[in-house]
Amino acid sequence: MAVRLQYTRTKALLLRRTLSSFYRHKVIRRSMASDSVTRFDFLVIGGGSGGLAGARRAAELGATAAVIESHKLGGTCVNVGCVPKKVMWNAAVHAEFIHDHADYGFEVANARFSWETIKSKRDSYISRLNHIYKNNLDRVMLNGFLQAKIESIKGIARFTADPEPTVEVNGKKYTAPHILIATGGRPSVLSDNEVPGASLGITSDGFFEIESLPKRSIIVGAGYIAVEMAGILSTLGSKTSIVLRQTDVLRNFDSFISTNCTKELQNSGIELLKNTQVKSVTKTDKGLEVTLVTKDPENKADKEKISTIKEIDCLLWAIGREPNTSGLNLSQVGVDTDEKGNIVADEFQNTTRKGIYAVGDVCGKALLTPVAIAAGRRLAHRIFEGKAESKVDYSNIPTVVFTHPPIGTVGLTEAEAIKTRGLENVKTYTTSFTPMYHAVTTRKTQCIMKLVCVGKEEKVVGLHMQGVGCDEMLQGFAVAIKMGATKADFDNTIAIHPTSSEEFVTMR
């Protein structure tokens, strides 16, 4: 009985504290209403993954918070990135399975794909996620009780010339002792001056607006967005070409992965136009007409070759991304950016102006949703919980590229390991095989795996793979590498048979 009474008193005390905090913050805001500035403890510019994560965690720690967003909540990842892309990749995987059904004894007659159906379902799913994000701002828990909601401000923020850091949105001013910039990035585009007719193409954002499956597609670029978009379109039935300035895709990845992915794309029927650039784009009554120029940079005697591809339904530029910083008026508050417009931030996400922070793609580093989320949360703990050393460790970040088959990678490439540790201190282990899934299928893909080890103890500093299931396989290995696993630790782990993952613990 005494325990129950103590529990009741404790909850009552927590409730009084929570309500006291709630009314205290409301009074502060009302007292500011007579002025032209509304004040919060934490003001977030950008309602994407990093900004929302930081705002929610700050509110859970007792801070008044607001999020400024000009578009839909969820940012690139939810609206035109990871999430809708994965839905389309899943659809493409179904197409691969249908191709293999007969080999596994299933009779599949008249299987037809409807782009319109998956687009409708995908868009409805994204809309539900937008509502969930909005509801999450309205329901934040503090000490086990519902806290005052995080204020959502719709519009474009721009820093003002006020003495303390202040932003203006739709004619109203907002300030806070702690302001987080999490405005993300956008696809890079070429102007019509750079490439005549370039604006006739689309970017990865526009990919999700396509109403029907293109019959003929051209993707320009060699990065992960280019190979993912090309894989989806080709697998779902669009005749697809990739325009490459050089000869291989994913050149920033380990060469083992880059070479294999290039081969897998070609084996799947995607045309790779190497050492090629787009010269011009025109529109005809039968679609787009793209003029290409091809020249081998290694062969100085090689002359430029001009070619044309006609009747193109989809020309997609995947030539990189750039930060959303141009309209923020950052110079007004002394926030520095680099030559590409990325905000300069230190390991604790501090910018060059005290009290202003930046996380996510706007910093131009590790452009991954989970990185932005982790950075936003750790920043909130540092500011509002007093955890002075709370920060993201940017080493050994795992990532997956949703190609066909998918790629998983974490840690250093072999070239990076040699550069930082010396050639004599680096040892690699590799394997290549046909996954058991393809034992009975006409269609084949390879699975390749690589361990990069350093030192006498052979500490595993890099792990790279491409093959069926590698996307779901990576997370566990990433934990092991983060903990400092050695090749001996891998060797001492009993294999799971029959799986592809067992190859990592049986390499010699």
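The exchange below concerns salt bridges in a predicted model.

Reader: Why is the contact between Arg216 and Glu271 called a salt bridge?

Author: The N to O distance between their side chains is 3.7 Å. The cut-off is within 4 Å, so the pair qualifies. Arg216 lies in strand E12 (residues 216–220) and Glu271 in strand E14 (residues 271–273), 55 residues apart, and the pair thus links distant parts of the chain.

Reader: What makes Arg216 buried or exposed?

Author: Arg216 has a relative accessible area of 11%. Buried means under 20%, so Arg216 is buried. Its partner Glu271 stands at 36%; that value falls between 20% and 50%, and therefore Glu271 counts as partly exposed.

Reader: How do you know that Lys450 and Glu414 meet in a salt bridge?

Author: Their side chains come to 2.6 Å, N to O. This is within 4 Å, so the term applies. Here too the pair links distant parts of the chain: Lys450 is in strand E24 (residues 447–454), Glu414 in helix H10 (residues 414–421), and 36 residues separate them.

Reader: Why is Lys450 called buried?

Author: The relative accessible area of Lys450 is 3%. The limit is under 20%, so Lys450 is buried. Glu414, at 25%, is partly exposed.

Reader: What makes Glu385 and Lys387 a salt bridge?

Author: Their closest N and O atoms are 3.6 Å apart, and the rule asks for a distance within 4 Å. Glu385 has a relative accessible area of 39% and Lys387 one of 45%. Both values lie between 20% and 50%, so each residue is partly exposed.

Reader: How many salt bridges does this rule give?

Author: The count is 20. A network of salt bridges links Lys119, Arg122, Asp123 and Glu211.

Technical notes. Residues numbered from 1 in each chain as written. Predicted model: local features only at pLDDT ≥ 70, side-chain atom pairs only at ≥ 80, totals over all residues. Heavy atoms only, no water. Helix = DSSP H or I, 4+ residues; strand = E, 2+ residues; numbered from the N terminus. Buried < 20%, exposed > 50% of the residue type's maximum accessible area, 1.4 Å probe, protein only.
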